Amino acid sequence: MADEDSSQEKTEEPTERKIQKSKDDGQTARSKELNTTAILLFGALGLVAFGSYMSDKIYHIARFNLDVERAAAFDTSYMFSHMSESMWEAVAALFPWFILVLIAAFLSPLGVGGWLFSTKALAPKMSRISPLAGIKRMFSANSLVELFKAWAKVLIVGTVAYFVIEYYFQDAMDLQKAPLRPAIKRSTEIVLWAAVILCASTLIIAMVDVPWQIYSHTKKLRMSLQEIKDEFKDTEGKPEVKGRIRQMQREAAQRRMMGAVPDADVVITNPTHYAVALKYSGGVGAPVVVAKGIEETALKIREIAKEHNVPQMEAPPLARAIYTHTRIDDEIPAGLYTAVAQVLAYIFQVDQYAKGQGAKPERRPDMPIPADLRVDAAKD
């Protein structure tokens, strides 16, 4: 029982299949802090980059709307076109900044988890509305981490804000003595750069949150040894099923092989062990092995050959050599060309003699077998 319980502990790293299944279900590591930081920082930098352009546009809109003749104020059609023009001017003013923030929103997920599109994440789940599950999430380790991050953000941003105020304090005081336009310009610069620095301070939280989210997500996907074994069985197939499939494949291959025996030109045999069926189509190619087998398979090949009047010839060394060095549908090795050619010529002479169209063959061929292709009978 102890071994069984220990095997159920989720101590193993998730497999690639488990990770992919999690992604298909819409679950992956995400860092909200990284996304928020990217949007805030790009937004602040966008204000610095496009601030002058935006302020000019806003100034023009203000003058355009305040500088209206009295008669035009009572003309409804004029006021509508006036408002439409102002709205388009406002869109033009905000468009560059909006595009920059939009790019940040789309690119920030690439930092952790990448883009992920899954409809399964939108499917309703009872665990999301279960009170017990909600209470469990409230007191989970993830909730404690979120609480810690909230306090850390307040502490870090508050500390950075203190130093920013201290740094710009004297500049802010000097604005009282400056002319209006330079004072407005300088105060705007102070506010914008202070915003950039405050937004950049949240990078500290994001740098801590990213590894935690990756670790937390990986921990959720951890598997027990039994789960890995079950997944392997599902992926590779159960041994008994695979064995049955292999058996069916062998049976199908044997049926195809036996079906080719009637078209063979000769079956070379070792009377008790081997049988090899050869077919020669003529031309440039060499004879091809269409069937081969030992023991019961060899006996079956000889029976089919006898039923269909396929010539058979006993040549134990040649039968062993062809069986050992070839596979089904292979041409015979080059070293056996002479021996097989002698067999085919002998079979042709016997066939012609049986038809009364030739002399009786004087003797069986020698059928020489090269030493490197010879198979010792003791290895049968």
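A pocket here is an open set of grid points where a 1.4 Å probe fits, with protein on both sides within 12 Å along at least five of seven lines. Keep that in mind for the first view, and remember that everything shown comes from a predicted model.

**View 1. The second largest pocket, with a volume of about 610 Å³.**
Look for S52, S55, I184, K185 and T188: of the 15 residues in the lining, these are the closest to the pocket's centre. Two helices, α3 (32–66) and α9 (180–201), each give at least two residues to the lining. Helix α3 supplies the largest share, with 8 residues. As for chemistry, the lining is a mix of 7 nonpolar, 4 polar and 4 charged residues.

**View 2. T188, a lining residue in helix α9.**
Is T188 buried or exposed, or something in between? With a relative accessible area of 38%, T188 counts as partly exposed, because that label covers values between 20% and 50%. Now find S52, another of the residues closest to the pocket's centre. T188 and S52 are 136 residues apart along the chain, yet their C-alpha atoms are separated by 9.9 Å.

**View 3. Q213 and its contacts, in helix α10 (residues 203–221).**
Q213 has a relative accessible area of 14%. The cut-off for buried is under 20%, so Q213 counts as buried. What does Q213 touch, once you set aside its neighbours within four places in sequence? The contacts are A29, R30 and S31, plus E146 and K149.

**View 4. The largest nonpolar core, a group of 23 residues.**
Start with I268, L278, L318, I322, L336 and V343, the members that touch the most other members of this core. Two strands and two helices each give two or more residues: β1 (266–270), β2 (274–279), α14 (316–325) and α15 (337–354). The largest share, 5 residues, comes from α15.

**View 5. L278, one of the best-connected members of that core.**
Which residues does L278 touch, not counting those up to four places away in sequence? Working along the chain, you'll meet A264, D265, V266 and I268, then V288, V289 and V290, and finally I322, I332 and V340. Apart from this core lies another one, made of 14 residues, including M257, M258, V261 and I301.

Key
Residues are numbered from 1 along each chain as its sequence is written. This is a predicted model: local features need pLDDT of at least 70, side-chain atom pairs count only at pLDDT 80 or more; totals for chains, interfaces and linings use all residues. Side-chain values use heavy atoms; hydrogens and water are left out. A nonpolar core is a set of buried Ala, Val, Leu, Ile, Met, Phe, Trp, Tyr and Cys residues joined through side-chain atoms within 4.5 Å. Buried means under 20% relative accessible area, exposed over 50%, partly exposed in between (1.4 Å probe, protein chains only). Helices (H or I, at least four residues) and strands (E, at least two) are DSSP runs, numbered from the N terminus. Contact means heavy atoms within 4.5 Å. On a 1 Å grid over the protein atoms alone, a cavity is a set of points where a 1.4 Å probe fits but cannot get out, and a pocket is an open set with protein on both sides within 12 Å along at least five of seven lines; lining residues have an atom within 4 Å of a point. Grid points are joined across faces, edges and corners, and a volume is the space filled by probe spheres set on the points. Ala, Val, Leu, Ile, Met, Phe, Trp, Tyr, Cys and Pro count as nonpolar, Asp, Glu, Lys and Arg as charged, and the others, Gly among them, as polar.
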